[in-house]
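User: I should like to understand how the labels given to parts of a protein model are justified. Please take me through the reasoning step by step.

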Amino acid sequence: KEESLKFLRNEKGIECTSQAIIDMAKRFKALKELHRLKSLAKWVNKHLERSTYGSTTRGALWALNNAKGDCTEHACLMTALCRAAGYPARVVGGWVINRDRILKPEGAHDWTEILVEGKWRVVDTHKKQFLQNEQDYIVFRIMNEKDSHLPGLQRFRVLGKGVTVRMGS
């Protein structure tokens, strides 16, 4: 319980106490939990025009005001809206892989995880995924966490030919 409280707070890139974010989250208040979260995810996907990858995190408020962003802005906005609505959420990064392959830096991706019934669940507004295909998501870091496995955004180092991930048996 206490661990999840930190995922309700305002932080860099996840401006959940901004009045504009709060007002947007309130638009979905009448809906029940999962329907509300799914409606928020659909809204983020429709509201944000996809942009090319940017090396800096512009954040939730920027994405809301500019109506565009890459996967990071999608994740930041969805996370901020969830937090403003009272649902613990976090931005995570890693890879989305549905079969064996070699992980490459350019394949890194960010998405939102929300706490539903005590479990962190995948919500990827950039790829239109809501609590589905979660087995394909491999988390390497939590945004803004100092003890995350690979701190920073898209910064990692692979020595040699890369990392091979085998899904399943």
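Analyst: The structure shown is a predicted model. A suitable place to begin is Arg90, which lies over the face of Phe7, at 5.5 Å from the ring centre. The charged end of Arg90 also sits over the ring of Trp120, 3.9 Å from its centre.

User: What makes the pair of Arg90 and Glu113 a salt bridge?

Analyst: The cut-off is 4 Å between a side-chain nitrogen of Lys or Arg and a carboxyl oxygen of Asp or Glu. For Arg90 and Glu113 the N to O distance is 2.8 Å, so the pair meets the rule. Arg90 lies in strand β3 and Glu113 in strand β5, so the bridge ties together parts that are 23 residues apart in sequence. Both Arg90 and Glu113 are buried.

User: How many salt bridges does this rule give, and which residue forms one with Asp110?

Analyst: The count comes to five salt bridges. Asp110 forms a salt bridge with Arg141, and their closest N and O atoms are 2.5 Å apart. Because Asp110 lies in strand β5 and Arg141 in strand β8, this pair ties together parts that are 31 residues apart in sequence. Asp110 and Arg141 are both buried.

User: Why is Glu134 said to form a salt bridge with Arg121, and are these residues buried or partly exposed?

Analyst: The closest N and O atoms of Glu134 and Arg121 are 2.9 Å apart, and the limit is 4 Å, so the name applies. Glu134 belongs to the loop between β7 (129-130) and β8, while Arg121 belongs to strand β6 (residues 119-124), so the pair ties together parts that are 13 residues apart in sequence. As to burial, a residue counts as buried under 20% relative accessible area and as exposed over 50%, with partly exposed in between. Glu134 has 23% relative accessibility and therefore counts as partly exposed. Arg121, with a relative accessible area of 25%, is partly exposed too.

User: How many aromatic pairs are there, and why is the pair of Trp95 and Phe140 called edge-to-face?

Analyst: The count comes to three aromatic pairs. The ring centres of Trp95 and Phe140 are 4.8 Å apart and their planes stand at 75°, so the pair is edge-to-face; the label requires an angle over 60 degrees. This pair links distant parts of the chain, with Trp95 in strand β3 (residues 89-96) and Phe140 in strand β8 (residues 137-142), 45 residues apart.

User: How do you know whether Trp95 and Phe140 are buried or partly exposed?

Analyst: Trp95 has a relative accessible area of 4% and is therefore buried. Phe140 has a relative accessible area of 24%, so Phe140 is partly exposed.

User: What is the arrangement of the rings of Trp111 and Tyr137?

Analyst: Trp111 and Tyr137 form an edge-to-face pair, 4.8 Å centre to centre, with 70° between the planes. Trp111 lies in strand β5 (residues 109-116) and Tyr137 in strand β8, 26 residues apart. Trp111 is buried because its relative accessible area is 1%, and Tyr137, at 10% relative accessibility, counts as buried as well.

User: At what angle do helix α2 and helix α5 pack, and what is that arrangement called?

Analyst: Helix α2 (residues 19-26) and helix α5 (residues 71-84) pack at an angle of about 75°, with their axes 8 Å apart. The range for roughly perpendicular is 65 to 115 degrees, so α2 is roughly perpendicular to α5. The contact is made by Ile21, Ile22, Met24 and Ala25 of α2 and by Leu77, Ala80, Leu81 and Ala84 of α5.

Notes: Residues numbered from 1 in each chain as written. Predicted model: local features only at pLDDT ≥ 70, side-chain atom pairs only at ≥ 80, totals over all residues. Heavy atoms only, no water. Phe/Tyr/Trp six-rings, centres within 6.5 Å; stacked < 30°, edge-to-face > 60°. Helix = DSSP H or I, 4+ residues; strand = E, 2+ residues; numbered from the N terminus. Buried < 20%, exposed > 50% of the residue type's maximum accessible area, 1.4 Å probe, protein only. Lys NZ or Arg CZ within 6 Å of the ring centre and 35° of its normal. Axes fitted to C-alpha atoms, helices over the stretch in contact; angles between N-to-C directions. Parallel < 35°, antiparallel > 145°, perpendicular 65-115°, else oblique. Contact = heavy atoms within 4.5 Å.
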